[in-house]
Amino acid sequence: MRLRTIAFNNLRRRKARMAFLVAGLLVGIATVVTLLSLTSALTTEAEHKLDNFGANILITPQTEELSLSYGGITLGGVAVDPHELRQADMVRIREIPNARNIAAVAPKVLGALEVKGIRVMLMGVDPEVEFGLKRWWSVRGRALQGDDEVVAGISVARRLGLGVGSEVDLQGEPFAVTGILEETSSQDDDLLIISLAAAQRLLGKAGTVSLVEVAALCGDCPVEEMVEQIAAVLPGVKVGAIQQVVKTRMHALEQFRLLAFGVAAVVILIGALVVFVTMMGAVNERTREIGIFRALGFRRGHVVWLILMEATWVSLLSGVLGYLAGMGATWAILPWLAEHHPQLVWSFPLAGGSILLALVVGTLASLYPALHASRLDPTEALRAF
Amino acid sequence: MSFIQIHGLTKVYTSGADRVEALKGVDLAITEGTFLGVMGQSGSGKSTLLAILGGLCHPTAGSVQVDGIDLYALGGERLADFRREYLGFIFQSFNLVPYLTALENVMLPLAVKSMPTAEKRERARQVLARVGLAARERHLPNQLSGGEQERVAIARALVNRPPLLLADEPTGSLDTTTSEEIMTLLQQLNEEGQTIVMVTHNPENRAWFHRIVSLRDGRLDTDEAMAPPKAQAVHA
């Protein structure tokens, strides 16, 4: 028989009150876990989406006239760019210190062609990389695979009367139309997209590319630094970051995170109040019992210790159950909030943190009731004398 | 010197403008091995006297010495230590802890002592057997009769082998037969050398005591030596 036997038996044989105490704290912890793990899962998903959302670094030739969008090309379809990037140099991009942050390097060559008497823009791409990068592209038919295939933007397809399965003659070579890009309301609608090798051949730009789009992997990776690193390995080219997209999305996520923390703090506070009120009630209910303990020679410290020990066990249980309940809730909610393959992450820091939080909140909320109990006058408490 | 020395014990309760003198300068000396009955009307101050003697309630004036220890000169938590080492309490309403078994209730005073758990359990079993409840050790208080609960309370008061046993109306809520059993048990303990101070207002208990003091309006009224005690007379 030790103090912990008393505490343990009290909890074990007064299950209803223990359940209420555990529930009060559990709801708080579960909410915090749910919000944090949801935020974490959504951030991961958003970052993942960001990786596939498109390029955030643009490498273009060092030419002042070039526009940032699709360098060297004007809407009139006149190629003004005498400079091209050397394709062989592009492997150096993979050698920068932050190379592991590079999700995709998408080189392309651009040029104007006359097809059926109409001037059109031709873009040569690495099909696998490009169609992976441009997630928003919706292709009727299928994406490019071979060097004799073409995917046409919706506007140019209309102008040239192209459809999936039709054929088009480019510089005397027949290309099969495998897909039509659904409307993007961008310059992409006016493009004929073929493989990089075929475009280089047709445009007479063997071994060169017009621009390279680079997708950096994460939301908070150092884009500016990567820009500098790429500029260092590719002297004489222009490297720019398209930060707007990244920053906007990260800002939104940051706000969501702040909101989650705010809500979590409020819920934890309510949980603490529930524990406090229940513990206070329990102490008042146990006044007589505490009087007995004191009369039998328990020191004040023993009484405080007894009550805090009970609080610790309740908190520990609430922490563990709260974490599991929170993960369960996340598992149930995540598919409704996330778009792609949400990942439920069993995070040890979150598990440890939620148990620690439960312990801190539960113990702090019980501290005053415990001190109050220890200060009870034994005679008053007993009312026997 | 007597085992217990009480000098000029005064206790005043104040509540707002109300001032109640529960004890008005009580002097009392009790020798070791005595079975003392403290009697008096309700409100005479007998329970206050017991509470002060038990180190539960600070007197307004006067002193209490038990075994040469001046109780209310003890600082901090040493009064709690004194209660643990020197006193066994038997309460009128048993005051067992409802969520602990009979055995656990008996072990309660040992919970804060550093002693191997096996030894604590052994000691508790011995006293439970002494009060005739060896077979009921796993029962919760609400599974025991009033008499059995009182026996558990007595066992709990004895488990620490205290020099002084304080009892407040221990038979107050028991029927006559059970009361007799409890008084017999206390009397046997006293025969084994246990000093007992028992507060009662039941005149039927008079026959069990060695000595009876009565209080009236906070003052010592009568002090009678009784002999021979009831059980001895019966057995003789």
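# Exercises on chains A and B

In this predicted model, 11 residue pairs are found in polar contact across the interface of chain B and chain A, with both residues of each pair at pLDDT 80 or more.

## Exercise 1

Describe which parts of chain B make up the side that touches chain A, and find how its residues divide into nonpolar, polar and charged.

**Solution.** Begin with the helices: α1 (46-53), α2 (78-86), α3 (102-107) and α4 (117-130) of chain B each supply at least two residues of the side that touches chain A. Among these helices, α2(B) gives the most to that side, with 4 residues. Then sort the residues of this side of chain B by kind, which yields 19 nonpolar, 5 polar and 8 charged.

## Exercise 2

Determine how many residues each chain brings to the contact, how much area is buried between chain B and chain A, and how many salt bridges are counted between them.

**Solution.** First count the residues: the contact takes 32 from chain B and 28 from chain A. The size of an interface is often given as the accessible area lost when the parts come together. Between chain B and chain A the buried area is about 2,800 Å², and carbon and sulfur atoms give 62% of this area. Looking at single residues, we find that L56(B), E77(B) and Y99(B) supply 26% of the area that chain B buries against chain A, more than any other three residues. Finally, the count of salt bridges between the two chains is 3. D81(B) forms a salt bridge with R299(A), and the closest N and O atoms of this pair are 2.3 Å apart, which counts as a salt bridge because the cut-off is 4 Å.

## Exercise 3

Work out the order of the strands in the open sheet of chain B, and say which helices lie across β6 and β7 of chain B.

**Solution.** Strands of a sheet pair through backbone hydrogen bonds, either parallel or antiparallel. The open sheet of chain B has 6 strands in the order β6-β7-β8-β3-β9-β10, and its pairing is mixed. At the edges are β6 (87-90) and β10 (219-225) of chain B, each of which pairs on one side only. Neighbouring strands of this sheet are turned by 20° against each other on average, with direction ignored. Next, take one pair of strands: β9 (residues 211-216) of chain B and β10(B) pair in the antiparallel sense over 6 bridges, and the bridge partner of V213(B) in β10(B) is D223(B). Last come the helices: α2(B) lies across β6 and β7 (164-168) of chain B and runs at about 80° to β6(B), whereas α5 (residues 146-158) of chain B, which also lies across β6 and β7 of chain B, runs at about 170° to β6(B).

Notes: Residues numbered from 1 in each chain as written. Chains lettered and ligands numbered in written order. Predicted model: local features only at pLDDT ≥ 70, side-chain atom pairs only at ≥ 80, totals over all residues. Heavy atoms only, no water. Contact = heavy atoms within 4.5 Å. Buried area = accessible area lost by both parts, 1.4 Å probe. Salt bridge = Lys/Arg side-chain N within 4 Å of Asp/Glu carboxyl O. Polar contact = N/O pair within 3.5 Å; in protein donor to acceptor, adjacent residues only side chain to side chain. Nonpolar A, V, L, I, M, F, W, Y, C, P; charged D, E, K, R; others polar. Pairing = 2+ DSSP bridges. Axes fitted to C-alpha atoms, helices over the stretch in contact; angles between N-to-C directions.
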